Amino acid sequence: MILKKLQDISIKLKKGQRLSKQDGLRLLDSFDILAMGKLALTEKKKKTADQVFFNVNCHVNLTNICVSRCAFCAFSRDTDDPNAYHMTIHDTLERVQAALPAGITEIHMVSGLHPDKPFGYYVDVVKTLKQEFPSIHLKAFTPVELKYFSDISGLTVAEVLRQLQAVGLDSLPGGGAEVLSERIRQKLCPYKASSHEWLDIMQTAHMLGLKSNATLLFGHIETAEEIIDHILLIRRLQDETGGFQAFIPLPFHPTHTMMTSCTKPTACEILKMFSVARLMLDNIDHIKAYWVMTGMQAAQLALFFGADDIDGTVTEEKITHAAGAETAVGITKNVLISLIKQADMLPVQRDTLYNVMERY
Ligand code: V47
């Protein structure tokens, strides 16, 4: 039974009509999360039936030294900080080697904006990783990093991407989007790629044949309108390129950041965000509940609120844990499989491009 308030939205969805900005705002304003969940689950099932996807991957963060020092980030450090680190190519190979016995099919690599490393260093990292582990998909570098590489090398972003692609870059993660709003970026992260640059770089990557994801960092100083505008910007680019594979709502973790006066989003806020993402983003197949940030319980519940993916085994997560995450730093695929089965859905191990590897 859908409450009368949301009935016209329910009718639109049944007719396969696209939801408007106003619809998105009304959904965000509604407290009827069960009705929204029902609508979102129906839309999820139209795309992926009972399947829930996961992969077996490892995270690599080459350095926490970063010139950007965003207010929401507890991971980044200045060069002279006692906890600053930087991995050599040898360290990176060792990290991936250690994750091989788990059967990883993906390396997820994002890092701070290091003040001294030249662009050639990143080309060498990619080249060496690909030479050593040719069958592992390399999903690396957010638009924020790519813009920085362009700045430090004097190359265009397209040329940066071409050079990385030529040595083994396979796709891009969805980070660095935060909220695509200049008001928010000026306040939280004024020294990195702007909203338009983030979108332009994703467009360029898609045109070069690289798939990517898109994230939204929510639960801090953003307004409802800024969230919906962010979603609409992603939806518009997706209409043009079709390059986004998954949308990933990331609940803000304030601990150890410069924004400790914010409180963590509640379970209801998290589940509502998943429903709104699924309902508004009719042109993106996958909505990912990144269990590291949502927590395991909310990730499982999100499967009833539009999510159809719970990311991967992760291994050695640093960014969320620096900000007080209470989840494990990595888990086995059996944990993910039972989490999905307990929701009475079908666990599907995928590769990064959503090719099915095994159904459980
Ligand atoms: O861009 C940083 C966010 C992102 C905090 O594409 C924070 O498959 C919450 O993008 N609280 C990095 N969030 C993570 C990311 C990601 C993760 C998993 C899979 C994929 C994918 C992408 O984390 C950053 C930023 O938006 N972040 N600090 C924090 N304190």
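Ala, Val, Leu, Ile, Met, Phe, Trp, Tyr, Cys and Pro count here as nonpolar, Asp, Glu, Lys and Arg as charged, and the others, Gly among them, as polar. By class, the shell around the ligand then holds 11 nonpolar, 8 polar and 4 charged residues. The model is predicted, so that local features need pLDDT of at least 70 and side-chain atom pairs count only at pLDDT 80 or more, while totals for chains, interfaces and linings use all residues. Residues are numbered from 1 along each chain as its sequence is written, and side-chain values use heavy atoms, with hydrogens and water left out.

Of the 23 residues around the ligand (those with a heavy atom within 4 Å of it), Lys-139, Gly-174, Gly-176, Glu-178 and Lys-288 come nearest. Polar contacts are pairs of N or O atoms within 3.5 Å; within protein, one must be able to donate a hydrogen and the other to accept it, and residues adjacent in sequence count only if both atoms are side-chain atoms. An N or O atom in the side chain of Lys-139 lies 2.7 Å from an oxygen atom of the ligand, a backbone N or O atom of Gly-176 is 2.8 Å from a ligand oxygen, and the side chain of Lys-288 places an N or O atom 2.8 Å from an oxygen atom of the ligand. Taken alone, the ligand exposes 620 Å², of which the protein buries 95% (accessible areas by the Shrake-Rupley method with a 1.4 Å probe; for residues, only the protein chains shown count as cover).
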